[in-house]
Amino acid sequence: MSAPLLELENTTVQFGGLKAVSELSLTIRDAELVGLIGPNGAGKTTVFNLITGVYQPTAGRIHFSGSSVVGHRPYAITGRGIARTFQNIRLFPSLTVFDNVRTACNMHLRHGISHALLRGRSFANEEREIEAAVIDLLEIFSLAKQRDLPCRSLPYGDQRRLEIVRALATRPRLLLLDEPAAGMNPTEKVELMKLIRFTQEKFRLAVLLVEHDMKVVMGICERICVLDYGKKIAEGTPTEIQANPEVIAAYLGKEAADA
Amino acid sequence: MMREHSKLYLVLACLSSVLLSSAFSGGAAPVIPPLNSYYFDVLIGLGINVILAVSLNLVNGYTGQFSLGHAGFMAVGAYTSAWLTLSYGYALGAGALSTTTTFVLALLGGGIGAALAGFAVGVPSLRLRGDYLAIVTLGFNEIIKGVIQNAEPLGAQRGLGGMVQHTTFFWTFACAALTIYVVVNLVNSTYGRGFLAVRDDEIAAEAMGINTTKYKVIAFVLGAFFAGVAGGLYAHFKQFIHPEGFNFMRSFDIVVMVILGGMGSTVGVCIAAALLTILPELLRFVARIEALPDWLQRVAENRMILYSLLLIVLMLTRPQGLFGARAAVTRKA
């Protein structure tokens with residue numbers, strides 16, 4: 001078994017008297033698709049915020065490809081290969097579809113500010129490289145036609161897709177998806193499942209997926225981790241999780257177990 | 001692309017304005033006889049306001065950081081450059097360097113002084129957002145004023161005078177063109193997209209690998225630099241500077257230009273700066289036209305009230321500014 005890509009070890013974060021995440025241990029290996037589920041307020045998004053450096057853990061360790069990410073700013077962590085999407089879509093509303101993705105390429109730039117001012121050759125070359133890369137990505141996700149539209153004018157499902165494309169433009173090794181199926185209709189959900197699978201295989205990514213839609217989670221995840229009140233109550237394959245009495249009591253309910 | 005072309009036109013327009021202005025006053029021997037000093041005063045003031053407004057727009061408009069201390073940076077630039085020419089100008093002028101070179105170096109010095117002040121203020125205060133940043137920058141403005149008021153070598157409350165009038169049409173509009181060139185090029189580059197991303201959503205920008213602090217500081221320092229240059233031009237135009245000339249009312253004036261022009265529109269902000277410089281002067285004339293009915297003259301006499309009223313009407317009917325593409329008020333996600 002290969003060394004884990006992401007490793008959380010007894011990670012805890014406390015806000016005042018509330019332990020939002022309590023002694024969570026979780027590992028994700030290269031190119032693995034892991035689901036993170038649990039009732040509302042269980043701390044799933046907090047886990048994302050811990051991994052991406054928005055919050056700092058009060059105790060425990062978080063390692064990404066061999067070194068700690070604790071204490072680093074979010075942009076630096078993104079630079080090391082962790083990208084994310086947001087529960088409530090956070091595209092840059094004043095930018096076009098194309099520029100939204102292009103902005104995510106900024107961190108790969110090597111030219112300095114003087115090149116941007118003087119429009120030197122390295123500036124032009126890099127701009128062209130980025131443009132080509134962005135168009136490739138948009139084409140893969142069939143958003144190329146909408147490239148010059150303001151991102152807010154896209155239909156909801158496309159905005160979700162665009163957010164994934166934007167995250168991919170940072171060239172991550174681990175992609176964190178926060179409720180990508182929220183607000184989607186059943187057809188869109190099926191499309192989304194295909195898309196996540198496709199993305200993971202095409203870019204050889206590890207994916208950590210927070211999702212409430214059990215069809216989606218059970219359908220694509222290789223392994224699932226269940227949180228309740230900030231604690232991990234179960235971990236295993238979809239079949240194991242569906243049969244776990246604790247998970248059924250805390251989250252799934254009887255109906256889902258029967259399904 | 002459309003945007004690239006409009007950028008080109010803008011730069012061309014700036015260059016032609018520089019050439020035109022240099023025709024008016026080609027240094028020591030103007031090609032066209034100089035305008036009377038009143039027009040000269042208004043037009044130089046216009047150029048300086050364009051520099052101030054366009055540079056503030058980089059911070060307030062494009063990067064979305066609401067700074068209210070632009071006059072403070074202008075003060076740093078004005079006093080630094082005045083101090084430079086006053087203490088070294090004659091020595092250098094008599095020596096190897098020409099007076100023009102001394103002046104340019106002093107302008108640069110003023111800009112660098114203001115940029116350093118911008119860095120010192122920006123690094124700690126750019127963690128703050130919205131109203132808080134506005135208050136901190138306003139406070140900085142007042143502190144700078146207070147420091148100058150008590151600095152005996154800078155003339156304290158008496159003001160500082162005795163500078164030679166180096167500022168010409170050419171230098172004013174060359175600096176304005178340079179400011180526009182830098183801001184437009186920066187905004188239409190990877191850096192510009194970073195600024196916009198920071199303005200739109202800081203959390204998402206960080207998550208996309210953008211060092212938001214770095215981008216904010218770059219915008220802030222560059223904005224301060226050009227405010228400093230504007231201050232240097234002002235000092236060597238008026239030949240007398242006083243701390244009260246850089247109070248927060250001055251900062252407000254510049255903010256009004258940015259908002260009126262449309263946050264994040266360089267063309268709009270240039271036009272607003274020109275409009276707001278000329279409008280009060282124009283109303284002054286209206287008040288003096290004998291042919292107008294008595295009441296109209298009296299209305300025009302209260303030109304500052306009229307001017308404020310115009311602003312209110314404009315903001316009510318066009319809150320995004322004259323050329324703004326989107327509402328000046330940023331929404332919260």
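Trainee: Why is the crossing of H2(B) and H11(B) called right-handed or left-handed?
Mentor: H2(B) passes H11(B) in a right-handed crossing, because the near helix is turned clockwise from the far one by less than a right angle, whereas anticlockwise would make the crossing left-handed. This is a predicted model, in which local features need pLDDT of at least 70, side-chain atom pairs count only at pLDDT 80 or more, and totals for chains, interfaces and linings use all residues. Residues are numbered from 1 along each chain as its sequence is written, with chains lettered from A and ligands numbered from 1 in the order in which they are written.

Trainee: At what angle do the axes of H2(B) and H11(B) cross?
Mentor: Roughly 145 degrees, and the axes come within 9 Å. Axes are lines fitted to C-alpha atoms, for helices over the stretch in contact, and angles run from 0 to 180 degrees between N-to-C directions.

Trainee: What makes the contact of H2(B) with H11(B), by class?
Mentor: Eleven nonpolar, five polar and one charged residues. Ala, Val, Leu, Ile, Met, Phe, Trp, Tyr, Cys and Pro count as nonpolar, Asp, Glu, Lys and Arg as charged, and the others, Gly among them, as polar.

Trainee: Where does Ser37(B) lie, and why is Ser37(B) called buried or exposed?
Mentor: Ser37(B) lies in H2(B), residues 37-62, a helix being a DSSP run (H or I, at least four residues). Ser37(B) has 8 other C-beta atoms within 10 Å, so Ser37(B) is exposed; the cut-offs are 12 or fewer for exposed, 20 or more for buried, and partly exposed in between, with C-beta atoms placed from the backbone.

Trainee: How many residues does the contact take from chain A and chain B?
Mentor: 26 from chain A and 23 from chain B, contact meaning C-beta atoms, placed from the backbone, within 7 Å.

Notes
Helix = DSSP H or I, 4+ residues; strand = E, 2+ residues; numbered from the N terminus. Contact = placed C-beta atoms within 7 Å.
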